[in-house]
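These notebook entries record what I looked up in the structure, entry by entry.

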There are 2 protein chains.
Amino acid sequence: MSEQPGVVLAWRELAQRYHDASCALERELQERHGLGMSEFEVIDRLAGAAECQLRMQELGEQVHLSQSALSRAVARLERGGLVCRALCEQDRRGVFVTLTEEGRRRQEAARPTQRAVLTQILASG
Amino acid sequence: MSEQPGVVLAWRELAQRYHDASCALERELQERHGLGMSEFEVIDRLAGAAECQLRMQELGEQVHLSQSALSRAVARLERGGLVCRALCEQDRRGVFVTLTEEGRRRQEAARPTQRAVLTQILASG
DNA sequence: GTGCATTAGATGCATGCGCACATAGTTTCC
DNA sequence: GGAAACTATGTGCGCATGCATCTAATGCAC
């Protein structure tokens with residue numbers, strides 16, 4: 001039963017805060033807007049991009065998802081009509097993901113929820 | 001394309017740090033010791049407990065896992081011979097989880113890896 | 001004691017994830 | 001210009017997770 005060094009305590013606190021916040025976010029976004037955390041993060045990043053459009057790869061750099069998880073998250077959003085995919089004509093391997101009108105609405109509707117949850121959880125640390 | 005308020009930026013940084021650390025931990029613990037992060041966390045908490053023994057419920061309060069995920073993590077560890085389960089005689093609904101000798105060895109072997117990874121990742125933030 | 005609410009833990013199920021691999025398009029080098 | 005290496009993305013698969021639910025044991029009321 002030795003003393004835990006500072007780095008382990010810091011890690012435990014980091015993990016605690018992350019879990020508190022991500023669980024609260026997941027729950028609230030799901031209940032009030034029918035969005036998972038990953039899905040919201042994708043449309044939130046798109047909403048912050050020029051013309052609400054990004055390449056898959058650029059999205060992948062911003063979002064904490066593996067390439068395959070991102071591919072499926074975008075597929076779910078596309079099925080739901082929140083984004084659409086378009087081939088990139090310059091590099092035909094590439095895919096542009098664009099927020100639809102509906103996607104933009106949903107993102108704007110969900111954003112206050114995200115901020116409220118984060119403010120409440122992260123402030124109480 | 002509005003400015004992100006501080007709380008969102010704080011959240012993104014928190015998530016980034018958590019992901020960096022948890023991915024590195026997961027990878028190193030798996031490669032060098034055949035342990036998942038959840039599994040290591042369970043045996044690490046047990047190693048820090050009196051007589052290396054805790055009730056499932058106490059374990060659940062310390063570990064960031066749902067009750068069902070914990071139940072399965074302990075089941076995996078039991079199959080691997082790192083912990084054993086024992087009925088609690090006072091309250092026969094309860095289950096004591098105890099670290100075995102082998103479990104203790106594995107935890108002690110993996111602890112330096114955990115600390116090294118955390119030191120490296122958390123320091124570089 | 002008998003019945004009912006509560007608690008501890010396990011399990012069926014659906015889902016999202018990462019890994020490895022497949023596919024298609026592009027660049028490089030000769 | 002053709003083969004080989006590289007890049008961007010999608011997909012099969014196995015696994016861990018959370019939710020809801022199940023079972024067993026305890027406690028409480030009467």
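**Entry 1. A salt bridge in chain B**

I began with B:Glu78, which is partly exposed at a relative accessible area of 33%. The model I am reading is predicted. I found that the side chain of B:Glu78 meets that of B:Arg85 in a salt bridge, with 3.1 Å from N to O. B:Arg85 likewise counts as partly exposed, at 32% relative accessibility. I also noted B:Arg85 among the residues that come nearest to DNA strand C.

**Entry 2. Salt bridges in chain A**

I then asked how many salt bridges the rule gives over all chains. The count comes to 20.

I looked up A:Arg32 and found a salt bridge with A:Glu28, the closest N and O atoms being 2.6 Å apart. The two residues are four apart in helix 1 (residues 6-33) of chain A, and therefore about one helical turn separates them. I checked their accessibility as well: A:Arg32 is exposed at 52%, whereas A:Glu28 is buried at 17%. Through shared partners, salt bridges join A:Arg27, A:Glu28 and A:Arg32 into one network.

My next pair was A:Arg76 and A:Glu39, whose closest N and O atoms are 3.4 Å apart in a salt bridge. A:Arg76 belongs to helix 4 of chain A and A:Glu39 to helix 2 of chain A, so this pair ties together parts 37 residues apart in sequence. A:Arg76 is partly exposed at 37% relative accessibility, while A:Glu39 is buried at 17%.

**Entry 3. Helix 2 of chain A**

Having met A:Glu39 in helix 2 of chain A, I asked why this helix counts as largely enclosed by the rest of the structure. The reason is that 10 of its 11 residues (the helix spans residues 37-47) are buried. Among them I listed A:Met37, A:Phe40, A:Val42, A:Ile43 and A:Leu46. The buried set also includes charged members such as A:Glu41, A:Asp44 and A:Arg45.

**Entry 4. Chain B against chain A**

I turned to the protein interface, where 32 residues of chain B are in contact with 33 residues of chain A. The two chains bury about 2800 Å² between them, and 65% of this lies on carbon and sulfur atoms. B:Trp11, B:Tyr18 and B:His64 supply 26% of the area that chain B buries against chain A, more than any other three residues.

I next asked how many salt bridges cross this interface. The rule finds two. One that I looked up joins A:Arg12 to B:Asp44, with the closest N and O atoms 3.2 Å apart. On the chain B side, helix 1 (6-33), helix 2 (37-47) and helix 5 (101-123) each give two or more residues. Helix 1 of chain B has the largest share, 14 residues. By class, I recorded 16 nonpolar, nine polar and seven charged residues on this side of chain B.

**Entry 5. DNA strand D**

I found 21 residues around DNA strand D, the closest being A:Gln57, A:Arg72, A:Arg85, B:Ser38 and B:Ser66. Of the strand atoms that come within 4 Å of the protein, sugar and phosphate account for 60%.

I looked up individual phosphate contacts. A polar side-chain atom of A:Arg55 lies 3.4 Å from a phosphate oxygen of DNA strand D, and for B:Arg76 the corresponding distance is 3.2 Å. A:Val95 uses a backbone N or O atom, which is 3.0 Å from a phosphate oxygen of this strand. Helix 3 (56-62) and helix 4 (67-79) of chain A, with helix 4 (67-79) of chain B, each supply at least two residues of the surface near DNA strand D. I noted four nonpolar, eight polar and nine charged residues on that surface.

**Entry 6. DNA strand C**

Around DNA strand C I found 22 residues, and A:Ser66, B:Gln57, B:Ser71, B:Arg72 and B:Arg85 come nearest. Sugar and phosphate make up 58% of the strand atoms within 4 Å of the protein.

Which part of DNA strand C does a polar side-chain atom of B:Arg72 approach at 2.3 Å? I found that it is a base oxygen. A polar side-chain atom of A:Arg72 lies 3.2 Å from a base oxygen of DNA strand C. A polar backbone atom of B:Val95 is 3.0 Å from a phosphate oxygen of the strand. I recorded helix 4 of chain A, and helix 3 (56-62) and helix 4 of chain B, as each supplying at least two residues of this surface.

Note on methods: Residues numbered from 1 in each chain as written. Chains lettered and ligands numbered in written order. Predicted model: local features only at pLDDT ≥ 70, side-chain atom pairs only at ≥ 80, totals over all residues. Heavy atoms only, no water. Near = heavy atom within 4 Å. Polar contact = N/O pair within 3.5 Å; in protein donor to acceptor, adjacent residues only side chain to side chain. Contact = heavy atoms within 4.5 Å. Buried area = accessible area lost by both parts, 1.4 Å probe. Salt bridge = Lys/Arg side-chain N within 4 Å of Asp/Glu carboxyl O. Buried < 20%, exposed > 50% of the residue type's maximum accessible area, 1.4 Å probe, protein only.
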